[in-house]
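Here are my notes on the model you sent round, set out as numbered points. Please read them with the structure open beside you, and look up each residue as it comes.

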Amino acid sequence: MNAYFKFWKNIFNYKGKTNIKVFFIPQIINIGLIILFMLLANMVNNIIILMLVRLIMVFIIISLVPEISLMVRRYRDSGTPVYYFFIILVVMLIGNTLLKDVKIISYVGKIAHLFNLYFLFKPTKKADN
């Protein structure tokens, strides 16, 4: 749970480092919270469903800022240049949202996701002394 509190505490910390464990614990908790909200939305009446869907959307939007800083720290910790993250992010946005109807560009967006996962799963690089 300490890793989840660090996730929110280090919202604007782009300089530090994040190991794999500290990276994935908030991911798992956030996915669990979104699934919980969606299950609750399926169990209640229409007005409450609309409010829960809006709550899910607000949670996702708010969690994007610490998510990006966490990914930047993870890239830095794995020894990957941070600009790779921004290139991959742009390719994912173009391939998965803006031009998702163009098949080849959609595949490029999916491949960018795989590259992102590869860089996030890379082992932590030892610090030079």
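**Notes on the model**

1. Ser 78 is a good place to begin: this residue is buried, with a relative accessible area of 5%, and its place is in the loop between helix 3 and helix 4, the latter covering residues 82–98. Please keep in mind throughout that the model is a predicted one. The side chain of Ser 78 makes a polar contact of 3.1 Å with the side chain of Thr 80. When neighbours within four places in sequence are left aside, Ser 78 is in contact with Phe 119, Lys 122, Pro 123 and Lys 125.

2. Pro 81 lies in that loop too, between helix 3 and helix 4, but it is partly exposed, with a relative accessible area of 31%, whereas Ser 78 counts as buried. Along the chain Pro 81 and Lys 126 are 45 residues apart, and their C-alpha atoms are separated by 15 Å.

3. It helps to step back to the whole protein, which has five helices and zero strands, so that, from the N terminus on, its elements read α-α-α-α-α. The C-alpha atoms fill a box of roughly 60 × 40 × 20 Å, taken along the principal axes. Of the 129 residues, 30% count as buried. If one takes the contacts between residues at least 6 apart in sequence, 67% of them join residues at least 24 apart.

4. How are two packed helices described? The general answer is by the angle between their axes and the distance between the axes. For helix 2 (residues 20–43) and helix 3 (residues 46–77), the axes come within 10 Å and cross at roughly 170°. Because an angle over 145 degrees counts as roughly antiparallel, helix 2 is roughly antiparallel to helix 3. On the side of helix 2 the contact is made by residues including Phe 23, Leu 33, Ile 34 and Phe 37, while the residues of helix 3 that take part include Leu 52, Ile 56, Phe 59, Glu 67 and Arg 74. Sorted by class, the contact of helix 2 with helix 3 has 17 nonpolar, three polar and two charged residues.

5. How many salt bridges does a search of the whole structure find? The search finds one, and in it the side chains of Asp 77 and Arg 74 meet at 3.0 Å, N to O. In general, side chains of opposite charge can pair when their charged atoms come close. Asp 77 and Arg 74 are separated by about one helical turn, because they are three residues apart in helix 3. Are these two residues buried or exposed? Asp 77 is buried, with a relative accessible area of 4%, and Arg 74 is buried as well, with a relative accessible area of 0%. Arg 74 is also one of the helix 3 residues that make the contact with helix 2.

6. Two residues of helix 5 (residues 103–121) deserve a look, and one of them is Ser 106. Ser 106 is buried, with a relative accessible area of 10%. Although Ser 106 and Gly 95 are eleven residues apart in sequence, they are 4.6 Å apart in space, C-alpha to C-alpha.

7. Asn 116 is likewise found in helix 5, and it is buried, with a relative accessible area of 7%. Which side chain does the side chain of Asn 116 join in a polar contact? The partner is Tyr 75, and the contact is 2.6 Å. Leaving aside neighbours within four places in sequence, Asn 116 is in contact with Tyr 75 and also with Met 71, Phe 85, Ile 88 and Met 92. Met 71, for its part, is among the helix 3 residues in the contact with helix 2.

8. My last point concerns Asn 13, whose place is in the loop between helix 1 (2–9) and helix 2. Asn 13 is partly exposed, with a relative accessible area of 25%. In sequence Asn 13 and Pro 66 are 53 residues apart, yet in space they are 8.5 Å apart, C-alpha to C-alpha. Not counting residues up to four places away in sequence, Asn 13 touches Ser 69 and Arg 73.

Technical notes: Residues are numbered from 1 along each chain as its sequence is written. This is a predicted model: local features need pLDDT of at least 70, side-chain atom pairs count only at pLDDT 80 or more; totals for chains, interfaces and linings use all residues. Side-chain values use heavy atoms; hydrogens and water are left out. Axes are lines fitted to C-alpha atoms, for helices over the stretch in contact, and angles run from 0 to 180 degrees between N-to-C directions. Helices (H or I, at least four residues) and strands (E, at least two) are DSSP runs, numbered from the N terminus. Angles under 35 degrees count as roughly parallel, over 145 as roughly antiparallel, 65 to 115 as roughly perpendicular and the rest as oblique. Contact means heavy atoms within 4.5 Å. Ala, Val, Leu, Ile, Met, Phe, Trp, Tyr, Cys and Pro count as nonpolar, Asp, Glu, Lys and Arg as charged, and the others, Gly among them, as polar. A salt bridge is a side-chain nitrogen of Lys or Arg within 4 Å of a carboxyl oxygen of Asp or Glu. Buried means under 20% relative accessible area, exposed over 50%, partly exposed in between (1.4 Å probe, protein chains only). A polar contact is a pair of N or O atoms within 3.5 Å; within protein, one must be able to donate a hydrogen and the other to accept it, and residues adjacent in sequence count only if both atoms are side-chain atoms.
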